[in-house]
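Grab a coffee and open the viewer. Here are a few exercises to work through with the structure in front of you.

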Amino acid sequence: MKNFEIFIKAMILGIVLFLTVFLVKPIGISTQFSVAGGIVHTMIEPSIIWEDKDKEYGYSSSNEYYDKDEGYIANAIKHPGDYDLLFIITMPLGGYIAYRVRKYSEGRQKRTEFRKVNEKKTSKYGGIIINFISGVFLLYGARMAGGCITQLIFNGIMEGSASGYIFAVSVLVTAIPIALIVNYVGGEVI
């Protein structure tokens, strides 16, 4: 039964990825965190981005990061209405719904046993803090690299890109030992 559930979840993910690429464009969301930050930045300092017909995307910025790629990010900040931004806004909602569905579907006994095991490792907030800090480092690294793991792994593998496969293997080879170390020193690996 468990393998069948995993299969169904993998099929749903595959269908969503296929439809997204087929109907709109490949999934990639790390840039949208920069766009969200840029939207807040322009509320504080409206003159940071201005219209520029010489740029491919029609906008320039005194901020070097917003101005890169011919004003791509500056344009996204000025016109944030694409599905990527909606995707990052709805991720917490989707995570909460998944949490509630799983909590509802599991028996009370299973949850109690799970809590007893995890209480020995760390407090509830210790795991949250470690995971939050890890996420910040992951996002920072993704933006330094100019993309995110979603874009490279999911879309790269789906497109048959050698770099997608190499990156996926590299992430797994790195992530598994790190997860074990974090778990060993008291963090809750979710």
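The exercises below start with the overall fold and then move to single residues; keep in mind that this is a predicted model.

**Exercise 1. Get your bearings**

Work out how many helices and strands the protein has and in what order the elements run.

*Solution.* Start with the count: there are 8 helices and 2 strands. Next, walk along from the N terminus, and you'll read α-α-β-β-α-α-α-α-α-α. Then look at burial: of the 190 residues, 25% are buried. Finally, take the contacts between residues at least 6 apart in sequence; 53% of them join residues at least 24 apart.

**Exercise 2. Check the confidence**

Find which element has the lowest mean pLDDT and which has the highest.

*Solution.* Begin with the whole protein, where the mean pLDDT is 78 and 82% of the residues reach 70 or more. Now go element by element: helix H5 (residues 108–121) comes out lowest, with a mean of 52, while strand E1 is the highest at 94.

**Exercise 3. Classify two aromatic pairs**

The structure holds 4 aromatic pairs. Take Phe18 with Phe22, then Tyr57 with Tyr72, and decide how each is arranged.

*Solution.* You'll want two values per pair, since a pair of aromatic rings is described by the distance of the centres and the angle of the planes.

- Step 1: for Phe18 and Phe22, the centres are 5.6 Å apart and the planes make an angle of 10°. Planes under 30 degrees apart count as stacked, so that's the label here.
- Step 2: place this pair. Both residues sit in helix H1 (residues 2–23), 4 residues apart, or about one turn of the helix. Phe22 counts as exposed because its relative accessibility is 60%.
- Step 3: for Tyr57 and Tyr72, the centres are 5.2 Å apart and the planes are at 75°, so this pair is edge-to-face.
- Step 4: place this one too. Tyr57 is in the loop between strands E1 (49–51) and E2 (59–61), whereas Tyr72 belongs to helix H3 (residues 64–78), so the pair ties together parts 15 residues apart in sequence.
- Step 5: check accessibility. Tyr57 is partly exposed at 33%, and Tyr72 is also partly exposed, at 28%.

**Exercise 4. Take a hard look at H3**

Compare the span of H3 with that of a straight helix of 15 residues, then look for a kink.

*Solution.* A straight helix of 15 residues would span 21 Å at 1.5 Å a residue. Between its end C-alpha atoms, H3 spans only 16 Å. Now look along the helix: there's a kink of about 125° centred on Glu70. As for burial, Tyr66, Gly71, Ile73, Ala74, Ala76 and Ile77 are the buried residues to mark in H3.

**Exercise 5. Map the core**

Which elements give two or more residues to the largest nonpolar core?

*Solution.* This core has 13 residues, and those with the most contacts inside it are Val35, Ile39, Ile49, Tyr66, Ala74 and Ile77. Helix H2 (30–44), H3 and helix H4 (83–105) each supply two or more. H3 gives the most, with 5 residues. Zoom in on Tyr66: its contacts beyond four places in sequence include Gly37, His41, Ile49, Ser61 and Ala74.

**Exercise 6. One last residue**

Is Gln32 buried or exposed?

*Solution.* First locate Gln32, in helix H2. Its relative accessible area is 2%, so Gln32 is buried. Beyond four places in sequence, Gln32 touches Asp82, Asp84, Leu85 and Ile88.

Definitions and conventions:
Residues numbered from 1 in each chain as written. Predicted model: local features only at pLDDT ≥ 70, side-chain atom pairs only at ≥ 80, totals over all residues. Heavy atoms only, no water. Phe/Tyr/Trp six-rings, centres within 6.5 Å; stacked < 30°, edge-to-face > 60°. Buried < 20%, exposed > 50% of the residue type's maximum accessible area, 1.4 Å probe, protein only. Core = buried A, V, L, I, M, F, W, Y, C linked by side-chain atoms within 4.5 Å. Contact = heavy atoms within 4.5 Å. pLDDT = per-residue confidence, 0-100. Expected span 1.5 Å × (residues − 1). Bend = angle between axes of the 7 residues up to and from the residue.
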